[in-house]
Amino acid sequence: MAINTAADEYRLATFYFESKAYSDAARMLEGVLAEEPANLSVRLLLARSYYHSAQLSRAEAELRRILDAAPAEDYARLMLGRTLERQGRAEEARPHLKLAAAMAGEEF
C-alpha cells in the first residue's frame with residue numbers, strides 16, 4: 001500500500017515517534033512540512049522528533065518558527081527552554097521556561 005497523502009505520512013510519522021524511532025519520524029515530517037509549511041502541529045512534532053534524536057539546533061530552529069507564528073504556544077516555549085538547557089545555554093533558557101510556567105499557571 002503506497003503512502004500518498006500528507007495525512008498518511010503524518011500518521012506514519014506519529015507511529016514512528018510513538019515507537020521512539022525519532023529520526024525516522026523527523027524524516028517523514030520534513031516531507032509533510034514541505035507540503036504544509038503553515039501546519040504548526042506538524043512543526044511541533046518535528047521539533048519534538050529533533051529534540052529526542054539529539055538534533056538540538058534543528059529543534060531550536062523549528063521551535064523558534066512556531067513561536068514566531070504563535071507566541072502563546074506554551075508547550076513550544078517550554079520545549080525551547082529545555083532545548084536550550086540541553087545545549088548548555090541555561091541563561092538563555094530561563095526566560096522561556098519562566099514564561100512557559102506562567103502560561104501554564106505553574107511556579108518556576
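In which kind of crossing, left-handed or right-handed, does helix 3 pass helix 4? This is a predicted model, with local features taken at pLDDT of at least 70, side-chain atom pairs at pLDDT 80 or more, and totals for chains, interfaces and linings from all residues. Residues are numbered from 1 along each chain, and side-chain values use heavy atoms, with hydrogens and water left out.

The crossing turns out to be left-handed (the near helix is turned anticlockwise from the far one by less than a right angle). Helices here are DSSP runs of H or I, at least four residues long, numbered from the N terminus. Helix 3 and helix 4 pack at about 155 degrees, their axes 8 Å apart (axes are lines fitted to C-alpha atoms over the stretch in contact, and angles run from 0 to 180 degrees between N-to-C directions). That makes the pair roughly antiparallel (angles over 145 degrees). Contact (heavy atoms within 4.5 Å) involves residues including Leu44, Ala47 and Tyr51 of helix 3 and Ala59, Leu63 and Ile66 of helix 4.

As for helix 3 itself, its 13 residues (40-52) should span 18 Å at 1.5 Å a residue, and the end C-alpha atoms are indeed 18 Å apart (the expected span is 1.5 Å times one less than the number of residues). Its buried residues (under 20% relative accessible area, 1.4 Å probe, protein chains only) include Val42, Arg43 and Tyr50. The buried residues pack against helix 1, helix 2, helix 4 and helix 5. Just past helix 3 comes alanine 54, with a positive phi near 60 degrees.

Technical notes
Helices (H or I, at least four residues) and strands (E, at least two) are DSSP runs, numbered from the N terminus. Buried means under 20% relative accessible area, exposed over 50%, partly exposed in between (1.4 Å probe, protein chains only). Angles under 35 degrees count as roughly parallel, over 145 as roughly antiparallel, 65 to 115 as roughly perpendicular and the rest as oblique.
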